Amino acid sequence: MPKPLMHLGFDFSYSHMAGRWLMPGAWPGHVFPDIEMFEEMARIAERGLLDMLFSGDGTGVPDTWRGGRDAAVEWGVNWPRQDLNPIAVAMSRVTKHIGFGLTYSSTFMHPYYTARLMNSLDHITKGRIAMNLVTSTRRSDYANFGMNDLMDHGQRYDRMEEFVDVCRKLWDSVEPAAMVWDRATGRVGDPARVHDVHHRGTHFRVDGPLNTPPSPQGRPVLIQAGGSPRGIRASAYFVDHAFGGDMPLASQVRQRKAFDEALLAQGRDPSKVGILWQTPIVVAQTEREAVGRLDQLAAAYPDEAVGAYLSYNCGYDFSTLPQSFTIGELHADIIASQASPMGFLHDLSVRLGPESTLTRSDFFEHGRRDAVNYDTTLAGTPSQIADRLEEAFEATGSRGGFMLGHAASMPLDLIGIADLLVPELQRRGRFRTEYRFRTLRENLADS
Ligand SMILES: Cc1cc2nc3c(=O)[nH]c(=O)nc-3n(C[C@H](O)[C@H](O)[C@H](O)COP(=O)(O)O)c2cc1C
């Protein structure tokens with residue numbers, strides 16, 4: 001019996017940022033946002049038959065470290081960024097099959113605008129669009145949308161679900177047979193097949209209909225990455241595929257189980273909904289070369305960028321750290337300041353214990369490893385990486401696959417995926433040898 005196929009995306013979110021843009025093998029002669037970089041990326045990823053290219057997004061410049069944005073601007077920490085939609089359009093014009101995953105915030109955006117945008121992109125790409133919805137957490141993001149504060153975590157997910165409800169109603173408001181384009185009579189549309197939405201909810205009032213023709217996929221492939229119990233429940237409510245964070249295998253197995261239970265509670269079939277696990281990789285002909293690239297990135301990552309990166313992610317200014325402290329003290333201080341102890345600090349506490357004493361320089365050394373994903377990147381030969389992917393795929397129910405990324409150097413790392421890793425997975429019967437379908441949704445469901 002053939003083995004279930006893995007699905008692979010590639011996350012290019014950070015490939016032009018701190019340290020990475022200067023690595024050997026990084027775009028010679030181009031700097032962000034030269035569209036030729038993106039076109040080249042799309043061609044390479046399609047040569048490797050990947051399911052999709054994806055980018056996360058944020059709408060502010062990190063400004064927590066030293067209470068300002070200077071370090072982020074100077075060293076390229078989560079900046080610069082651009083809206084992803086014109087980039088996806090450009091990439092779609094040089095490819096035929098690969099899909100494009102775009103990230104938007106349901107906390108800031110309006111569902112009418114977003115539903116219409118996704119419809120337009122789905123037309124232009126001929127059915128190759130996915131939308132990743134995020135709730136957003138950062139002050140520098142929400143301060144640009146007239147907010148003094150964020151609604152709380154649970155409310156943001158409530159709004160996300162209502163956002164999706166409105167989008168779905170809008171995508172269904174014009175039936176597939178509504179467009180007539182009859183040259184004999186001159187009739188453009190059939191009014192009986194175009195419907196009001198009349199949504200009256202807690203967050204949105206929308207009359208509808210959407211004023212666009214229905215798109216090839218009808219609606220984009222929907223993705224969401226929430227990892228908290230509320231976030232997982234929201235995923236179970238609406239996603240076609242979930243994103244899973246970069247975490248140890250035992251945590252992935254736990255998250256898959258929690259997600260399956262949430263899907264069942266929604267009356268959905270867990271065997272039909274995959275998780276794409278965020279997986280940083282560097283693949284090379286030899287393990288030495290792959291690990292060497294990661295070491296080179298860690299050495300090239302500027303110190304100030306480490307501070308800006310960590311402070312932004314935790315919402316806490318680590319420039320104020322004393323010379324020496326215990327992890328438990330820092331944890332308590334972060335909680336007292338309403339910042340987020342999750343992620344890096346949580347992992348550090350689990351790994352070293354809350355009683356451990358750190359100096360400032362120990363802390364930033366751990367932070368550097370976190371910023372370049374040093375301890376979680378699969379750096380090795382195609383066969384070493386394929387072994388690890390197979391192990392994780394089987395342990396998490398052989399559904400979905402991996403969102404590869406956090407590359408050390410682009411396009412070199414993507415070329416490694418397309419030309420070294422993919423052939424290895426194909427030899428093992430784990431990856432497609434051709435695109436069999438037209439739309440992203442169909443290709444992602446190909447098993
Ligand atoms: C693969 C992946 C991609 C993500 N991309 C973004 C992003 O682009 N923008 C963003 O604000 N958050 C992003 N997140 C954060 C999630 O949306 C979510 O807030 C996080 O996983 C915590 O889950 P929770 O909100 O349920 O606590 C991403 C998370 C993962 C795992």
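**Reading the labels on a predicted model**

Modeller: Asp-419 has its place in helix H15, which covers residues 412-427. Bear in mind that this is a predicted model.

Colleague: Why is Asp-419 called partly exposed?

Modeller: The relative accessible area of Asp-419 is 36%. Buried needs under 20% and exposed needs over 50%, so Asp-419, at 36%, lands in between and counts as partly exposed.

Colleague: How do you know that Asp-419 and Ala-45 are apart in sequence, and what is their distance in space?

Modeller: Asp-419 and Ala-45 are 374 residues apart along the sequence, and the distance in space is 9.7 Å, C-alpha to C-alpha.

Colleague: Staying in helix H15, what makes Glu-424 and Arg-427 a salt bridge?

Modeller: Their side chains meet at 3.0 Å, N to O. The cut-off is within 4 Å, so the pair Glu-424 and Arg-427 qualifies. Both lie in helix H15, 3 residues apart, or about one turn of the helix.

Colleague: Which of these two partners is buried, and which is exposed?

Modeller: Glu-424 is the buried one, because its relative accessible area is 12% and the limit is under 20%. Arg-427 is at 62%, and since exposed means over 50%, Arg-427 counts as exposed. Through shared partners, salt bridges join Glu-424 and Arg-427 into one network with Lys-3, Asp-387, Glu-390, Glu-394, Arg-428 and Arg-430.

Colleague: Lys-3 and Glu-390 are on that list. What makes their contact a salt bridge?

Modeller: It's 3.9 Å from N to O, and the rule asks for within 4 Å, so the Lys-3 and Glu-390 contact passes. Lys-3 lies in the segment before E1 and Glu-390 in helix H14 (residues 382-395), so the bridge ties together parts 387 residues apart in sequence.

Colleague: Why do Lys-3 and Glu-390 get their burial labels?

Modeller: Lys-3 has a relative accessible area of 39%, and that falls between the 20% and 50% limits, so Lys-3 is partly exposed. Glu-390 comes out at 13%, and under 20% means buried, so Glu-390 is buried.

Colleague: How do you know that Arg-432 and Asp-51 form a salt bridge?

Modeller: The closest N and O atoms are 2.8 Å apart, and the limit is within 4 Å, so Arg-432 and Asp-51 count as a salt bridge. This pair links distant parts of the chain: Arg-432 is in the loop between H15 and H16, Asp-51 is in the loop between H1 and strand E2 (52-54), and 381 residues separate them. Both Arg-432 and Asp-51 are buried. The structure holds 30 salt bridges.

Colleague: Now the surface. What makes Trp-21 eligible for a nonpolar patch?

Modeller: Patch residues need over 30% relative accessible area, and Trp-21 has 45%, so Trp-21 clears that cut-off. Trp-21, Leu-22 and Val-31 form the patch, with about 340 Å² of accessible area together. Trp-21 is found in the loop between strand E1 (7-11) and helix H1 (35-47).

Colleague: And inside, what lines the largest cavity?

Modeller: Its volume is about 90 Å³, and the lining includes Phe-12, His-16, Asp-57 and Arg-81. By class, the lining has 5 nonpolar, 5 polar and 2 charged residues.

Colleague: Which element gives the most to the lining of the second largest pocket?

Modeller: Helix H16 (residues 440-445) does, with 3 residues. The lining has 19 residues, and among those nearest the centre are His-241, Lys-272 and Leu-444. The pocket holds about 380 Å³ of space.

Terms used:
Residues numbered from 1 in each chain as written. Predicted model: local features only at pLDDT ≥ 70, side-chain atom pairs only at ≥ 80, totals over all residues. Heavy atoms only, no water. 1 Å grid on protein atoms, 1.4 Å probe; cavity = no way out; pocket = protein on both sides within 12 Å on 5 of 7 lines; lining within 4 Å. Points joined across faces, edges and corners; volume = space filled by probe spheres on them. Helix = DSSP H or I, 4+ residues; strand = E, 2+ residues; numbered from the N terminus. Patch = residues over 30% accessible without salt bridge, like charges linked within 9 Å, V, L, I, M, F, W, Y side chains within 5 Å. Areas by Shrake-Rupley, 256 points an atom, 1.4 Å probe, with all protein chains shown as cover. Buried < 20%, exposed > 50% of the residue type's maximum accessible area, 1.4 Å probe, protein only. Nonpolar A, V, L, I, M, F, W, Y, C, P; charged D, E, K, R; others polar.
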